[in-house]
Amino acid sequence: MKQIIYAVEDDAALRELYSFSLENEFDCRCFEDGDSLFGMLSEKTPSLIILDIMLPGDDGFAILSRLKSTNATSHIPLIIVSAKGDEVYKVKGLNMGADDYIAKPFGVLELVARIKANLRKNAPPEKGNIDYKDIHINFSKHQILIKGIPIETTLKEYDLMCLFCENADQVLERKTIFNKVWGYAFYGETRTLDVHIMELRKKLSEAGSEVTLQTIRGIGYMLT
């Protein structure tokens, strides 16, 4: 069975391009606005979403925020494809939880390659559960429990906690964390990682966990 790709794009020509270029390897379904997307999401969850920024009604950033703040859709890999190729828009999209960002115009081969790369990166891990102190990670349910109680996390927070628990009591460099979790070269000028660490610390504290995320100044972080 083909993996399902949802593409949100108000340009009819680009919707046709998506359908034509992806039909051999994926089941691609296109929507012209956010309302149409969310209507279908209530019926079927895709393997990946392609999202334009400039859209009628809610723009791509508003849609992205809604997707990543909703537990049922926060885990879906998402690629922004937009004519807004300036670095500020790219960084904003990635900071909000997008997995990748492609500037228009783009090549079809590059698009397909990026889709496959993000699907591989977000494939469910084929390994056992992880236990570290009072943290339990259940891979089959994509769930983190602290003292036996599930906590809600975004996809990136979940991926970060998995990485830290797998490497507990070891210092992880910032560039290593970015490459493992975000899959792109380290952006030294962004605070993406710091914001996610802050949120994880807050959730650990609220759950009363004995685990701490230590800052190793000038290097990275360590779970202890």
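**Strands, a helix face and cysteines in a predicted model**

In this predicted model, strand β4 (residues 78-82) runs parallel to β5 and is joined to it by four bridges.

User: What makes β4 and β5 paired strands?

Analyst: Pairing needs at least two bridges, and β4 and β5 have four, so they count as paired. Ser82 stands opposite Ala103 in β5.

User: Why is the sheet of five strands called open?

Analyst: The order is β2-β1-β3-β4-β5, with parallel pairing. β2 (26-31) and β5 (100-103) are the edges; each has a single partner strand, so one side of each lacks a neighbour in the sheet. The twist from one strand to the next averages 20°. Helix α2 (residues 34-41) packs on the sheet, where it touches β1 (3-8), β2 and β3 (48-51), and its direction makes about 155° with that of β1.

User: How do you know that the buried residues of α7 line one face of the helix?

Analyst: The buried residues of α7 (residues 174-182) are Arg174, Ile177, Phe178, Val181 and Trp182. Viewed down the helix axis, they fall within an arc of 100°, so they line one face. They pack against several elements, among them α4 (87-95), α5 (108-121) and α8 (192-206).

User: Why does Cys30 form no disulfide with Cys28?

Analyst: A disulfide requires sulfurs within 2.5 Å; the sulfur of Cys30 is 4.0 Å from that of Cys28, its closest, so the pair is too far apart for a bond. The structure holds zero disulfides.

User: Why is Cys162 called buried and Cys30 partly exposed?

Analyst: Buried means under 20% relative accessible area. Cys162 has 6%, so it is buried, whereas Cys30 has 26% and is therefore partly exposed.

Definitions and conventions
Residues numbered from 1 in each chain as written. Predicted model: local features only at pLDDT ≥ 70, side-chain atom pairs only at ≥ 80, totals over all residues. Heavy atoms only, no water. Buried < 20%, exposed > 50% of the residue type's maximum accessible area, 1.4 Å probe, protein only. Helix = DSSP H or I, 4+ residues; strand = E, 2+ residues; numbered from the N terminus. Arc of directions from axis to C-beta. Contact = heavy atoms within 4.5 Å. Axes fitted to C-alpha atoms, helices over the stretch in contact; angles between N-to-C directions.
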